[in-house]
Amino acid sequence: MKKVIAGGLFLLSGVILYISVHIPAAFHAATLGGWSSPPGRLGTALEQMGGTATRNGSVILMFIGAVLILWGAFEEELRRLFKIKNSSAKIADHELP
């Protein structure tokens with residue numbers, strides 16, 4: 001349960017950080033005179049504002065939060081799965097002379 005709560009906090013923090021970087025970048029993108037083609041208008045605005053590192057950090061926070069939520073939700077199933085694998089490995093080890 002603790003992993004699910006921590007994951008939710010990480011996910012929520014990442015989403016809030018992502019939105020708080022992209023909204024000002026969108027307003028700045030509206031005033032751009034020109035931009036380069038690969039990152040596009042929003043990517044250029046993020047680069048000019050210095051928000052690319054913050055965006056990358058927010059994506060990492062969201063990923064960690066999603067992993068923690070899934071880990072906490074399926075922890076029992078993962079334990080059973082690894083217990084089955086470990087017990088079959090132990091049986092195979094004991095059968096060897």
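Start by selecting helix H2 of this predicted model, where Gly-40, Gly-43, Thr-44, Ala-45 and Leu-46 are the residues to colour, since each of them is listed as buried. With those residues shown, bring in the two helices H1 and H3, against which the buried residues of H2 pack. Then move just past the end of H2 to Gly-50, whose phi is positive, at about 80°.

Next, select H1 and H2 together, that is, residues 2–30 and residues 40–49, and look along the place where they pack, with their axes 8 Å apart and at an angle of about 105°. An angle from 65 to 115 degrees counts as roughly perpendicular, and H1 and H2 are therefore described as roughly perpendicular to each other. To see which side chains make up this contact, show Val-21, His-22, Pro-24, Ala-25, Ala-26, His-28 and Ala-29 on the H1 side, and on the H2 side Arg-41, Leu-42, Ala-45, Leu-46, Gln-48 and Met-49. Coloured by residue class, the contact of H1 with H2 divides into nine nonpolar residues, three polar and one charged.

Within that contact, centre the view on Ala-29, which lies in helix H1. Is Ala-29 buried or exposed? With a relative accessibility of 5%, Ala-29 counts as buried. If its neighbours within four places in sequence are left aside, Ala-29 is in contact with Arg-41, Leu-42 and Ala-45. A distance drawn from the C-alpha atom of Ala-29 to that of Thr-44 should read 7.7 Å, although the two residues are 15 residues apart along the chain.

Now widen the selection to the whole of H1, which has 29 residues and reaches 42 Å from its first C-alpha to its last, close to the 42 Å expected at 1.5 Å a residue. Its buried residues are Gly-7, Gly-14, Val-21, His-22, Ala-25 and Ala-29, and what covers them includes H2 and H3.

From there, turn to helix H3, residues 52–73, where the 22 residues span 32 Å from the first C-alpha to the last, close to the 32 Å expected at 1.5 Å a residue. Select Ser-58, Gly-65, Leu-68 and Gly-72, the buried residues of H3, and look down the helix axis: they cover an arc of only 90° around the axis, which puts them on the same side of H3. Rotate the view to the other side of H3, where Ala-53, Ile-60, Phe-63 and Leu-70 are exposed.

Which residues does Ser-58 contact, leaving aside its neighbours within four places in sequence? Zoom in on Ser-58, a residue of helix H3, and display Gly-14, Leu-17 and Tyr-18, with which Ser-58 is in contact on that basis. Ser-58 is buried, with a relative accessible area of 0%, and Gly-14 also belongs to the buried residues of H1.

Finally, zoom out and colour the protein chain by secondary structure, which comes to four helices and zero strands, so that the elements can be followed from the N terminus on as α-α-α-α. Of the 97 residues of the protein chain, 19% count as buried. If a contact map is displayed beside the model, restrict it to contacts between residues at least 6 apart in sequence, among which 66% join residues at least 24 apart.

Key: Residues are numbered from 1 along each chain as its sequence is written. This is a predicted model: local features need pLDDT of at least 70, side-chain atom pairs count only at pLDDT 80 or more; totals for chains, interfaces and linings use all residues. Side-chain values use heavy atoms; hydrogens and water are left out. Axes are lines fitted to C-alpha atoms, for helices over the stretch in contact, and angles run from 0 to 180 degrees between N-to-C directions. Angles under 35 degrees count as roughly parallel, over 145 as roughly antiparallel, 65 to 115 as roughly perpendicular and the rest as oblique. Contact means heavy atoms within 4.5 Å. Ala, Val, Leu, Ile, Met, Phe, Trp, Tyr, Cys and Pro count as nonpolar, Asp, Glu, Lys and Arg as charged, and the others, Gly among them, as polar. The expected span of a helix is 1.5 Å times one less than its number of residues. Buried means under 20% relative accessible area, exposed over 50%, partly exposed in between (1.4 Å probe, protein chains only). The arc is that of the directions from the helix axis to the C-beta atoms.
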